[in-house]
Amino acid sequence: MLDVRLFDETVAAVALFAGAEHRLVYQNEACARLLGARPVGLPAREAFPEPDAGEFLTVLDEVVASGRPRQLPEAREPDPGAPEQARYFVYSCTPVTMAEGRGAMVVALDTTAETMALERYEAVVTAVSQMVWVLRADGSAQELVPGWQQLTGSPWRDRMDEQWGAHIHPHDRARLRHEWHAALAKEFPGLFETTFRVRASDGSYRHMSTRCVPILRNGHAEEWIAATDDVQDTWSATLRERLLAEIAQVSGEGLDESFAAVAKAIVPELADACVIMLLDHEEWPPPEHVPVTARRAASATRHGLPTRPPLQDQTVVISGTVRDVLARRAPCTFNLSAGKGVPPGIVPAVTEQWLRSADATSLTLYPLVAEDVDLGYAATSANGDSPAPGPADTTLIQGIFRASERPSARPSTCSGPAAPLCASSMLISPARRPFPVRAWPPATSRPAPRTRSAATGTTPSSTPRTPSYSTSETSPDTTSQQPPPWDSCAACSGALPGTTAQNACPRPS
């Protein structure tokens, strides 16, 4: 027989109910403090008349009828003027036999402090717009503050398995797995921080920064609280500034060297490979029937891909696709399906062969323009399991190309028809011309190049002239023509309105 005196001094709140009406036959002092003093002898329905006590009365019925105990969390409003009463508690209801007959014993514990602390914590992490997870060593995970589905478009998974990992960038999966296992293996675990890319619902990848703090029990990290934040905008801005700083270190070099620095800066951070193609024409656009040649001036590839072909002034007659990209001055991405090669007229044959051997899956073209003059274009590729660049990637790469083409205050040395561009561009020296150059018109008949005024930033006003092009190295009416003398340099005379050729172009006399 149960002796109720055993519960008089216990910390837990204890109440005993007996009979068909669940009359309250005992309540210790802890219960009176926790839930308020109740009159002993009354049926439970009268002893607990609160509107929110309905579920508790139902549990009493079920426990006595079934003989099986129940445990439930509960919340209630404290009585007026009794702030010491519990707002949140958890209670167990167990069948017992007493002198009064069969009944139930209720034991309650105050969880108000713990529950309110958790509510405050959830409010704080929600206010800072971070995803918050609980990670465990066995790979299970729980999302405390949601955000995964909004980011990826897929429901949250309670295990960090292969399906979860499919959302991680292919180049980050092995590293992330290695770093996580290394953190678990530490004898004294501490703060774990890392950054990785997650595929968003629009197919692009965004950089996420995660900080994990271990919860230690008996000296072991049984759980980790992880706060994850989207840092894509900050990452892009930081990378852009760093890459431009690297490019600026070679801004006084030749045109090929400057573009080589750009290609090396982009690879492997933003692309698997990059090739720079420089045009053969000073004015743009030429008539549609006139073939235009582009020269492979620089290239770069990431580690792990086949060796790229050496630079040997390989050329290609550009296609209408390239002309369209240059005319629109906007990037364009081509998805290369299995067995389908690169569209013709974009890169030289050796580069096409390399792209096939390196399992290129996409190719993106970027126009290269400086001071409103079309220099050429860059082609970047994604290879193997690398995803095609998303809108944010192409915008970032295009921004780097444009920023690297801005005017530089550093002195330049150049000669020939590209002198105005060289004098006003960060890319100092003109492209080498290993292939036959079209016949050079004399200054009196040569069309004014498309340049910008250094003083106003606008195109110098002049009477439009019809361009004259020659598609062969020599022709009957051009064999006698020679490049213009220094004091009548057609390329330089338009560089700065109101200046002479000599003081507009730094070429030594």
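Which residue in E5 does Thr94 stand opposite? Point 3 gets there; a few basics come before that.

1. A quick word on what you're looking at: this is a predicted model. The protein chain has 509 residues, and 45% of them are buried. Its secondary structure adds up to 15 helices and 16 strands.

2. Start with the sheet. Five strands line up in the order E2-E1-E5-E4-E3, forming an open sheet with antiparallel pairing. The edges belong to strand E2 (23-27) and strand E3 (70-75); each has a single partner strand, so one side of each has no neighbour in the sheet. Going from one strand to the next, the twist averages 30 degrees.

3. Now look at strand E4 (residues 88-98) and strand E5 (residues 101-110), which run antiparallel to each other and pair over 10 bridges. Here's the reply to the opening question: Thr94 stands opposite Met105 in E5.

4. This sheet has a helix lying over it. Helix H3 (residues 54-66) lies across strand E1 (13-18) as well as E3, E4 and E5. With respect to E4, helix H3 runs at about 30 degrees.

5. Next, the largest nonpolar core, which has 30 residues. Leu270, Ile276 and Phe401 are the ones with the most contacts inside this core. At least two core residues come from each of these elements: helix H8 (232-248), helix H9 (255-266), strand E11 (273-279), strand E12 (293-301), strand E15 (360-370), strand E16 (373-383) and helix H12 (391-404). H9 gives the largest share, 7 residues. As general background, nonpolar side chains in soluble globular proteins tend to be buried together.

6. Leu270 deserves a click in the viewer. Setting aside neighbours within four places in sequence, Leu270 is in contact with Trp235, Leu239 and Leu243, and also with Leu396, Ile397 and Ile400.

7. What about cysteines? Cys31 has 3% relative accessibility, so Cys31 counts as buried. Cys274 is buried too, with a relative accessible area of 2%. If you're wondering about disulfides, the count is 0 when a pair of sulfur atoms has to lie within 2.5 Å.

8. Finally, the chain as a whole. Take the contacts between residues at least 6 apart in sequence: 54% of these join residues at least 24 apart. The protein chain exposes about 26200 Å², and carbon and sulfur atoms supply 54% of that area.

Definitions and conventions:
Residues numbered from 1 in each chain as written. Predicted model: local features only at pLDDT ≥ 70, side-chain atom pairs only at ≥ 80, totals over all residues. Heavy atoms only, no water. Buried < 20%, exposed > 50% of the residue type's maximum accessible area, 1.4 Å probe, protein only. Core = buried A, V, L, I, M, F, W, Y, C linked by side-chain atoms within 4.5 Å. Helix = DSSP H or I, 4+ residues; strand = E, 2+ residues; numbered from the N terminus. Contact = heavy atoms within 4.5 Å. Pairing = 2+ DSSP bridges. Axes fitted to C-alpha atoms, helices over the stretch in contact; angles between N-to-C directions. Areas by Shrake-Rupley, 256 points an atom, 1.4 Å probe, with all protein chains shown as cover.
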